[in-house]
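User: I'd like a close look at one small part of this model, and then a walk outward from there into the rest of the chain.

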Amino acid sequence: MKTIIKGLVFIFILFSPLLNSAQTNFYKASWEEVLVQAKKENKLIFVDLYFTGCFPCKQMDDKVFPDSKVVEVLNTSFIAFKSDIFKEDIGKKIARKYGVTGFPSFIVLDANGNTIEVTSGYHGVEELVAVLELAKSNESKKQFKAYSKALEGEYPEFYNDAYLKNKRQVPFEVVDAYLKSQKNLSEEIPFLIITGLRIGGEYTDYIIENASSLSSAYGHVPVRNYIASTVNLKAKVFASNNDISGFNKFLRKVKPHFTESEWERFREGFDKTFEKNRGESK
């Protein structure tokens, strides 16, 4: 009997790694083939944009994508695709398409190219599963974002260079001239330029004043990330003038554009930026 038990234990130990070896199946093919495969299998498309050396990207690979809950949802209902935004042309083009600034970034589309969700940053297992399930629900209701279906677009040269050649230091005068020539800053390309290149000045006011409608059109996270970046920049200015009243007033203005949990997380960073720069200005 002991021999049998020992044998069973040995077999369990031998094969136990295989019981947890399920992995998210990232489709290794061209973008065109991804679209074809999604149509063929009647699945949505999940895109993971990353770069080598990105710590939260590696955390996703190590902790989240191998999790059984994530594997089940992605392998069953999605064609998963990942691309390095610095090494692969398709990664650069998708990053340009969505004005990507945070990593990892996740895009969910249907097989026809309709955008369902755009988000970024480390997502734990439950958070990512929630995003995926909501995307499935929104697709069933045909609730899509306002992005065009085409991967290419009539982007100005400076925007193309920013994403395809990593030339992100664009003179404000160049961007300002282009934006002032546009009839509607809420259109896709002007929005991408302002948020993707972090254009400030009067354009900051425009994004904040229209944050709700822009979030509905292009996703909550891209708008939130732009506003968060703006707050950190403004914090330095308020701190240099030791203007804590102005800083707090600005925080009250932007707070409605964060969820409660987001505000708890971001507010601490805003305060640290203010205090650090106030100390340096004394």
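In which loop is the place of Lys142? Take that spot as the starting point and tell me what surrounds the story.

Analyst: Lys142 has its place in the loop between H6 and H7. Keep in mind that this is a predicted model, so everything here is read off computed coordinates.

Start with the backbone. Lys142 has phi near 60 degrees, a positive value in a residue other than glycine. That's worth a glance, because most residues other than glycine have a negative phi. As for the side of things facing out, Lys142 has a relative accessible area of 54%, so it counts as exposed.

Step back to the helix before the loop. Helix H6 covers residues 125-140, and Ser140 is found in it. Ser140 is exposed too, at a relative accessible area of 52%. Its side chain does have a partner: the side chain of Ser140 reaches the backbone oxygen of Ser137 at 2.5 Å.

On the other side of the loop comes helix H7 (157-164), and that takes us to H5, since H7 is among the elements that the buried residues of H5 pack against. The others are helix H2 (31-41), strand E1 (44-50), strand E2 (78-84), E3 and H9. Helix H5 spans residues 89-97, and its buried residues are Gly91, Lys92, Ile94, Ala95, Arg96 and Lys97. Ile94 turns up again in the largest nonpolar core, a set of 59 residues; Ile94 is one of those that touch the most other members, along with Trp31, Val47, Leu179, Ile193, Ile227 and Phe270. H12 gives the most to this core, with 8 residues. Trp31, for its part, touches Ile45, Val47, Phe81, Ile90, Ile94, Leu109 and Leu151, leaving aside residues up to four places away in sequence. H6 isn't left out of the core picture either: a second, separate core of 19 residues includes Ala135, together with Val70, Leu74 and Ile116.

Now for the stretch that follows H5. Just after that helix, Gly99 takes a positive phi of about 55 degrees. A little further on, a cis peptide bond joins Phe103 and Pro104, with omega about -5 degrees, and Pro104 has its place in the loop between H5 and E3. Most peptide bonds are trans.

Gly99 also leads to a cavity. A search of the whole structure finds 1 cavity of 30 Å³ or more, with a volume of about 120 Å³. It is lined by 16 residues, and Gly99, Val100, Thr101, Pro222 and Asn225 lie nearest its centre. Strand E3 (105-109), strand E4 (115-120), helix H9 (188-196) and helix H12 (220-240) each supply at least two residues of that lining. By class, the lining has 6 nonpolar, 9 polar and 1 charged residues.

One more backbone spot goes with Lys142. Arg198 is found in the loop between H9 and helix H10 (202-209), and its phi is near 55 degrees, again a positive value in a residue other than glycine. At 28% relative accessibility, though, Arg198 counts as partly exposed, whereas Lys142 is exposed.

For the wider frame, the chain has 14 helices and 4 strands, and 47% of its 282 residues count as buried. The C-alpha trace spans about 80 × 45 × 35 Å along its principal axes.

Conventions: Residues numbered from 1 in each chain as written. Predicted model: local features only at pLDDT ≥ 70, side-chain atom pairs only at ≥ 80, totals over all residues. Heavy atoms only, no water. Buried < 20%, exposed > 50% of the residue type's maximum accessible area, 1.4 Å probe, protein only. Polar contact = N/O pair within 3.5 Å; in protein donor to acceptor, adjacent residues only side chain to side chain. 1 Å grid on protein atoms, 1.4 Å probe; cavity = no way out; pocket = protein on both sides within 12 Å on 5 of 7 lines; lining within 4 Å. Points joined across faces, edges and corners; volume = space filled by probe spheres on them. Nonpolar A, V, L, I, M, F, W, Y, C, P; charged D, E, K, R; others polar. Contact = heavy atoms within 4.5 Å. Core = buried A, V, L, I, M, F, W, Y, C linked by side-chain atoms within 4.5 Å.
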